[in-house]
Each structure stands twice: as C-alpha cells, then as structure tokens.
Amino acid sequence: KESYAAWLQYKKIEDFSLLENYQKWFENLASLADSVVIESAKKELLLGLSSMLGVQPTFSTERKAAAGIVLGTSVSIANQIEIDFEQLNDDGYVIKTVTTEEKSTIFLLGKEDTGVLYAAFHLLRLMQNRESMDHLDILENPKNQLRMINHWDNMDGSIERGYAGNSIFYSGNKFNDELNRIEDYARLLSSVGINGVSINNVNVHKVETDLITSSLLPKVAEVAAIFRAYGIKTFLSVNYASTIEIGNLETADPLDTGVQEWWKNKAKEIYRYIPDFGGFIVKADSEHRPGPFTYNRNHADGANMLATALEPFGGLVVWRCFVYNCLQDWRDRSTDRARAAYDHFKPLDGQFHPNVILQIKNGPMDFQVREAVSPLFGAMEQTNQMMEFQITQEYTGQQRHLCYLVPQWKEILDFDTFAKGEGSPVKNIVDGSLFQSRHSGIAAVSNIGNDYNWTGHTLAQANLYGFGRLTWNPDLSSETITNEWTLQTFGKDELVVQQVSQMLLDSWRIYENYTSPLGVGWMVNPSHHYGPNVDGYEYSVWGTYHFADYQGIGVDRTVKAGTGYTAQYFKENADRYEALETCPDELLLFFHHVPYTHRLKSGETVIQHIYNTHFEGVQQAEELTERWTLLEGKIDQERYEDILKRLQEQANHSKEWRDIINTYFYRKSGINDEKYRTIY
Ligand code: BDP
C-alpha cells in the first residue's frame with residue numbers, strides 16, 4: 001500500500017528511455033564488504049531495483065566485467081577511483097559513476113558499513129526523483145553525530161502524545177510478537193540517516209522500569225538487532241529510582257556507593273545482551289519523576305553516576321533539561337517556567353562527564369507553535385548539548401491539522417546565539433563544531449504509531465522525513481527537503497509536487513494564524529492539549545500564563561519590569577528582546593505585556609492583529625482543502641480521501657479556534673474589529 005510505503009514507494013518507472021538508461025547500470029551488484037548492515041543495503045537495492053526497473057542484478061563478491069554497482073569500504077578501491085577517504089567521517093559516503101570503455105560502474109563507498117547503506121538509500125532516492133546516473137560524483141558527511149528518535153511508547157501499547165495509533169513495539173505490557181513492522185520502520189529511519197532510537201517513554205512506569213532486567217533484556221536485544229542492521233543504535237529511557245524500584249536498595253542517592261555499584265553491574269548486564277547499546281535517556285526531577293534533588297544532589301551528580309557506569313562500554317547518558325517546577329503558583333509573578341532549565345543547568349557547566357549529553361528542548365516552555373529559542377544553547381561551553389524537537393504534533397494540531405515543522409526547525413537551528421560572537425547559530429552548537437564538543441546531535445519525539453500510514457495524517461510523514469534530512473544536513477533548505485519528499489511520496493507530477501510542497505511550506509504559518517497569537521503559546525485544552533481554551537492553563541500550576549486582562553496581554557520577561565528571563569541570552573539577543581522597539585512581533589507576547597492597542601511593527605494594533613490573523617487563518621485552512629482537491633485523480637484514491645478528510649476537519653476546527661479566541665479578546669478588551677466582521 002502506498003500509505004504504508006511512505007517515501008520508499010519505488011514505483012515502476014514508466015518512462016521508457018529513462019528505464020533503459022537506468023537498467024544498464026544494474027546487471028551486477030558486487031559487494032566487497034559483508035555484514036548485517038551491508039546485507040540491508042543489498043536487500044534495499046534489490047527491492048528498489050526490481051520494483052522500479054524490473055531488474056534482478058546478479059550478486060558477486062568481486063567486481064565483474066558487466067556494468068554494475070560496487071559496494072565497499074576499502075581504501076584501496078577508493079584510491080583507484082580517486083576518492084580520498086580522509087574526507088569522510090564515520091557515517092560519510094561517496095557515490096561515484098566511473099565509465100570506461102569496457103564497463104560502467106557506480107561505486108557506493110563508505111568509510112564504514114553504515115556509509116554504504118546510506119549511499120544505497122541515496123542512490124534509490126535519486127532514482128525515485130528521476131535524476132541521471134551518468135555522472136554521479138557525490139560526497140556526503142552527516143553534520144550531526146547523533147541523529148536520534150525518541151519514542152514515548154508505553155508497554156501497555158499506548159503512546160504518550162501519540163496521534164497515530166498504538167505502539168509498534170508493545171501491547172498488553174509485553175513486546176509484540178510480530179516484529180516485522182519494526183524492520184520497515186528501521187528502513188524508513190535509516191533512509192534519512194537516523195542512527196539512534198530510544199524505544200520507551202521518558203516517563204518510565206513500573207513495567208518499563210523492568211526493561212533493564214533479565215526478564216525483558218532478551219526482547220530489547222531482539223529489537224536492537226533489527227535496528228542494528230540499519231545502522232541504528234538502541235537506547236532506553238530509564239527510571240532514575242531503579243535502585244529502589246527493582247534493585248532492593250533504599251536509596252537512589254547518586255553519591256551512595258551501593259547505588260553506584262548497582263548501576264555498574266546493571267550496565268555490564270545490559271551490554272552482555274546488547275554489545276552496542278547506545279545508552280540511557282533520563283527524565284529526572286521533572287513532572288513528578290524521581291531524581292537527584294531528593295537527595296540534595298545536583299543534576300551533574302545524577303548524570304555522572306550513570307555515566308560512570310556506562311563509560312567502560314562506550315555508552316552515553318542523554319540527560320534531559322526539561323526540569324521546572326510544575327507546581328507554581330499562578331499568582332506569584334516572580335517565578336517563570338521559561339527560566340528554569342537555564343537556572344538549573346548553567347551553573348553546572350564543566351561538571352558533566354564526557355559521555356553525558358544534555359538534551360534541551362528547542363524552546364524554554366514546551367514545543368509551542370512559536371516560542372523563543374532556549375537560551376541554554378551555547379550557554380554551556382564545556383558541556384555536550386543536543387537539541388530536542390517534537391515531531392509528534394502535541395501542540396500543533398495532533399496530526400489532524402496539517403502543520404509541517406521543517407521551516408520551524410530550520411529557524412531554530414539557524415538562530416544566532418552570539419555565544420562566540422556573531423555567527424554562532426544553534427546548529428553549530430548541536431553539531432559540536434562551535435565548542436568542539438565530544439558528543440552532540442539532534443533528537444526528536446517520534447510521530448509514528450501502528451496506524452496503517454504510520455502517522456495518522458499521511459502528510460505528517462513529511463515531518464519524520466524532514467527531521468531526518470535536516471538532522472543529516474541542517475543547511476538543506478526547507479524547499480529542497482519538501483520537494484524531495486513529495487516527489488518520492490507521490491511521484492513525479494508537476495502539479496502534485498508544486499501543490500503539495502507549497503501546502504506543506506505554508507502550513508505552519510496557517511496553523512499559527514488561527515491559534516495562539518504572537519508567541520504567547522498555550523491557550524489549549526488542559527491535559528490532552530487539543531483545541532482552543534484561552535484560559536485553560538491560566539489559573540493552574542504549570543507556569544503557563546498569558547496574563548490577559550481587560551487592558552492587555554503577554555508575559556513580561558524583561559529585566560526592567562518582568563521575570564528577568566531576557567538576561568539569559570547573550571547580550572545581542574538580550575537587548576533585542578528586552579526593548580519593546582526591537583522585540584520581533586512574532587514573539588512580542590512571549591517577552592512583553594502590552595495593551596491591546598499597542599502597535600506592532602506591522603502597523604496593526606495587537607487586538608487587530610489577533611482578529612485579522614484568526615480570520616485569515618480560517619480562510620487559509622479552507623483554501624488548503626481546495627488546493628488539495630485540485631489533485632484528485634493524480635493521487636491514489638486512498639491517500640487522496642484520507643488527506644481530504646483531515647483537511648476538512650482542520651478547516652472546521654480552525655473556525656472553533658477563531659471564534660473562541662476572537663470572542664474572548666473582544667469581550668475582554670471591548671474593542672471592535674476595524675472591519676466589523678462577525679465575532680461570536
Ligand atoms: C510535555 C508533554 C508530556 C511529556 C513532557 C516531557 O506534555 O507528556 O512527558 O513534555 O517532555 O510536552 O517530558
């Protein structure tokens with residue numbers, strides 16, 4: 001089925017001359033290396049070639065006279081075709097066409113086997129995109145070392161913040177017997193360069209605490225073997241208080257020698273089952289999860305204790321910085337959740353072990369449609385840092401609304417922190433280059449489940465694809481990624497590619513238009529986070545406020561009169577956000593509390609902006625449906641209908657957003673819409 005195949009469609013090539021041209025390359029496939037990873041590369045090539053071209057190449061372990069593909073990792077071959085392996089990093093690869101009078105060959109060479117696999121996927125992508133094979137000369141290195149997906153899957157089969165069915169890993173508190181689907185998932189991930197996956201929720205309950213015990217480790221090892229064949233390392237989220245819950249100890253104090261010993265033995269045990277185990281993800285002292293604070297220890301103590309245990313085996317501790325007080329009093333305006341991660345972690349710079357990476361959410365709040373970039377990026381010169389994005393659309397329409405996040409992620413990665421003066425973008429912090437960090441990378445919370453199309457909204461597949469591509473190379477443009485995805489997913493049809501790509505590229509702004517305005521965030525229904533509720537989180541304890549009253553709205557985070565959060569940025573950004581005159585419109589209410597009559601740089605007042613964007617957003621959402629219907633007949637009926645239904649739901653639901661938000665602010669402010677449109 002098309003919806004299941006996602007972007008690995010490998011549709012038969014109908015264009016006869018292209019078909020002939022391609023077929024000539026694939027008489028023989030010579031594999032000069034051998035491993036499970038190379039096996040995957042061969043399998044994928046065979047699948048792609050037989051399905052796109054109807055050819056079955058012969059296999060050999062040495063180069064043949066016939067035209068063909070050569071897979072390998074050997075330096076001597078590289079030298080023969082004038083490739084300098086020194087230019088490749090561990091996951092890098094080369095694709096090169098060499099034509100002599102006797103034969104034509106496409107070399108897929110990697111420094112390691114994973115490079116060969118990535119090269120195979122790249123070649124298949126080129127073919128899906130109908131590019132010429134005649135003069136390929138490609139050298140690719142991933143910019144980020146760790147390119148990771150975090151699953152928030154629970155063993156009962158549910159997925160925290162999952163919008164595409166249940167877990168593909170578990171059901172009924174057990175691993176699924178049927179593991180086939182995991183292999184197809186691994187193919188999807190590997191095809192875009194993902195090399196790490198954590199397979200259980202960061203909120204680790206009792207059953208998942210057992211994942212690191214001998215009762216479940218054999219199963220984890222089975223899953224890890226599937227991922228391993230695709231160059232992906234398996235990680236587990238662990239319960240910080242495991243020593244108490246499953247270790248028969250009375251404490252989880254990181255400085256307690258009993259606790260330290262327990263984890264050392266535990267690490268040894270895990271690596272017996274999974275020799276290339278990636279490491280632990282830890283959510284500690286966050287939203288009621290246990291952590292070192294209980295014992296008056298700090299997060300460096302906690303993380304380092306685990307790091308010491310994993311260190312002999314090359315394992316990593318991915319320590320999350322989502323640490324804040326989730327029991328704040330909304331009446332106390334001196335506390336500010338946005339400040340929390342920086343306040344907790346910045347003073348610990350330099351204290352973490354080399355195999356600890358701090359995983360920081362892109363913004364200081366929580367994956368809102370728009371928020372400021374976390375000031376922690378770049379603020380800890382001597383500490384490994386990695387990015388956490390959320391592919392699953394918790395606050396961005398839950399895969400019922402179209403919201404393509406690549407443009408958002410790009411803005412964040414390009415954000416200049418000024419950590420080392422101008423030209424210190426976030427992407428150079430998380431790729432390790434700015435501070436020469438030992439470990440670094442980008443992770444994101446998965447958006448897949450066991451729905452037949454993986455992601456609920458079929459177009460949400462583009463977010464998974466785009467995340468992988470961007471993680472491989474943050475310099476790719478949104479347009480490039482989007483076009484690539486559309487071509488592979490729906491085939492080469494001008495109108496389809498142009499329409500779908502543009503719909504995706506417009507969708508984030510559209511979603512922002514009819515939801516919470518000017519960076520203020522939230523305004524969603526509590527707990528499930530779907531749909532509008534302006535005061536849903538206003539009088540609760542989560543630290544998520546907009547402070548709207550009859551005069552104005554916004555959170556004053558200035559040093560002058562507010563929470564002082566702006567001072568967490570390097571000077572250039574701190575000054576820019578601090579002053580009303582220089583604070584960008586789109587984040588105005590994130591940083592300032594202003595009257596409804598305040599004029600934005602756009603010339604509109606805040607209240608008029610709210611009205612305008614909400615009317616406009618609904619209109620744009622309705623247009624998305626119309627734009628989609630232009631493609632009827634050009635896309636298989638199943639995907640066409642599926643997507644149409646979601647777009648219609650979005651258009652309807654956007655009206656609810658518009659009406660609730662506009663009415664609320666009309667009643668609060670008493671100010672009329674200049675255009676006298678109906679506000680319910
Ligand atoms: C929030 C989610 C919550 C997660 C938490 C986290 O609402 O379900 O457990 O983040 O990242 O976005 O730990």
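This briefing covers one sheet, the helix across it and the ligand site.

The model is predicted: local features need pLDDT of at least 70, side-chain atom pairs need pLDDT 80 or more, and totals for chains, interfaces and linings use all residues. Numbering starts from 1 along each chain as its sequence is written, and side-chain values use heavy atoms, without hydrogens and water.

**Sheet**
- Six strands (DSSP E runs of at least two residues, numbered from the N terminus) form an open sheet of 6 strands, ordered β2-β1-β3-β5-β4-β6, with mixed pairing.
- β2 (58–60) and β6 (137–140) each have a single partner strand, so one side of each lacks a neighbour in the sheet.
- Pairing requires at least two DSSP bridges between two strands.
- β1 (residues 28–31) pairs with β2 in the parallel sense over 3 bridges.
- Asn28 stands opposite Thr58 in β2.

**Ligand site**
- The ligand has 14 residues around it (a heavy atom within 4 Å); Glu160, Lys283, Arg320, Asp366 and Glu394 come nearest.
- The shell divides into 4 nonpolar, 2 polar and 8 charged residues.
- Here Ala, Val, Leu, Ile, Met, Phe, Trp, Tyr, Cys and Pro count as nonpolar, Asp, Glu, Lys and Arg as charged, and the others, Gly among them, as polar.
- A polar side-chain atom of Glu160 lies 2.4 Å from a ligand oxygen atom.
- For Glu394, a polar side-chain atom lies 2.5 Å from an oxygen atom of the ligand.
- For Arg161, the distance from a polar side-chain atom to a ligand oxygen atom is 2.9 Å.
- The protein covers 97% of the 320 Å² of accessible area (Shrake-Rupley, 1.4 Å probe) that the ligand has on its own.

**Helix**
- Helix α3 (residues 36–53; helices are DSSP H or I runs of at least four residues) lies across β1, β2, β3 (68–72) and β5 (104–110).
- α3 runs at about 160° to β3, with angles taken from 0 to 180 degrees between N-to-C directions of axes fitted to C-alpha atoms, for helices over the stretch in contact (heavy atoms within 4.5 Å).

Terms used: A polar contact is a pair of N or O atoms within 3.5 Å; within protein, one must be able to donate a hydrogen and the other to accept it, and residues adjacent in sequence count only if both atoms are side-chain atoms.
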